[in-house]
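Thanks, everyone; I would like to take a few minutes to walk through one sheet and one charged residue beside it. Please have the structure open as I go.

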Amino acid sequence: MAVVKKILMVLALALVSVSLGVRAQVHHVVGGDRGWDPYADLGSWSSARTFRVGDKIWFTHSAAQGKIAEVETKEEYLTCDVSNPIKMYTDDIDSISLDGEGIRYFTSSNSNKCKNGLKLHVEVVPEGKVDTTTAPLVITSESSDKAVAASPESSGSAHFGASFALLVAGSWLCYMGV
């Protein structure tokens, strides 16, 4: 139930972004409906998607699954070595912006869970041609493919307003206990 609430929170924030005309991007909920889960096939989930510069990935996880470590090298990823992580993600829901091209590696901080498949690598490709008719997408599972809405033209002041609205919406959702 807690994961459903977290996914709903992500969707609400994404919908606020859509309604305010924030630059087009895709929001990927890692593992789809299962989230960051040892039984989710994260390799298949990842390979079925294209991650572009500017997209975001969202991790929904619980303390029982351990922290999420971002590691620098493929070797650290393959051996589940989290002794020198780039960053540790500790919140129940973490949003990570894919700011640049390249491969990013994420593993469970729990060595046993990592060795049993609780890890993810994401290859981030260039933005490419921007489609101005498509607003942010939220992808949660194979069955719910994509949600698309048209976005209005935006200006610098709209981006400031959107950022403020997202802050207010996020604060409200936290206050409501979602």
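Let me begin with β2 and strand β8, residues 119-125, which run parallel and are joined by two bridges, and let me say at once that this is a predicted model. Within that pairing, Phe51 stands opposite Val124 in β8.

If we step back to the whole sheet, five strands form an open arrangement with mixed pairing, in the order β2-β8-β7-β4-β5. Because β2 and β5, the latter being residues 87-89, stand at the edges and have a single partner strand each, one side of each is left without a neighbour in the sheet.

Staying with strand β8 for a moment, this is also where Glu123 has its place. Leaving aside neighbours within four places in sequence, Glu123 is in contact with Phe51, Gly102 and Ile103, and although Glu123 and Ile103 are 20 residues apart along the chain, their C-alpha atoms are separated by 4.3 Å.

Now to the charged residue I mentioned, Asp55, which is found in the loop between β2, residues 51-52, and β3, residues 56-60. Which side chain of opposite charge is nearest to Asp55, and how far away is it? That side chain is Arg52, at 6.1 Å, and Asp55, although buried, has no salt bridge. What Asp55 does have is a polar contact of 3.3 Å, side chain to side chain, with His28. Not counting residues up to four places away in sequence, Asp55 touches Gln25, Val26, His28, Thr50, Ile96, Ser97 and Leu98.

Conventions
Residues numbered from 1 in each chain as written. Predicted model: local features only at pLDDT ≥ 70, side-chain atom pairs only at ≥ 80, totals over all residues. Heavy atoms only, no water. Helix = DSSP H or I, 4+ residues; strand = E, 2+ residues; numbered from the N terminus. Buried < 20%, exposed > 50% of the residue type's maximum accessible area, 1.4 Å probe, protein only. Lys, Arg positive; Asp, Glu negative; His and termini not counted. Salt bridge = Lys/Arg side-chain N within 4 Å of Asp/Glu carboxyl O. Polar contact = N/O pair within 3.5 Å; in protein donor to acceptor, adjacent residues only side chain to side chain. Contact = heavy atoms within 4.5 Å. Pairing = 2+ DSSP bridges.
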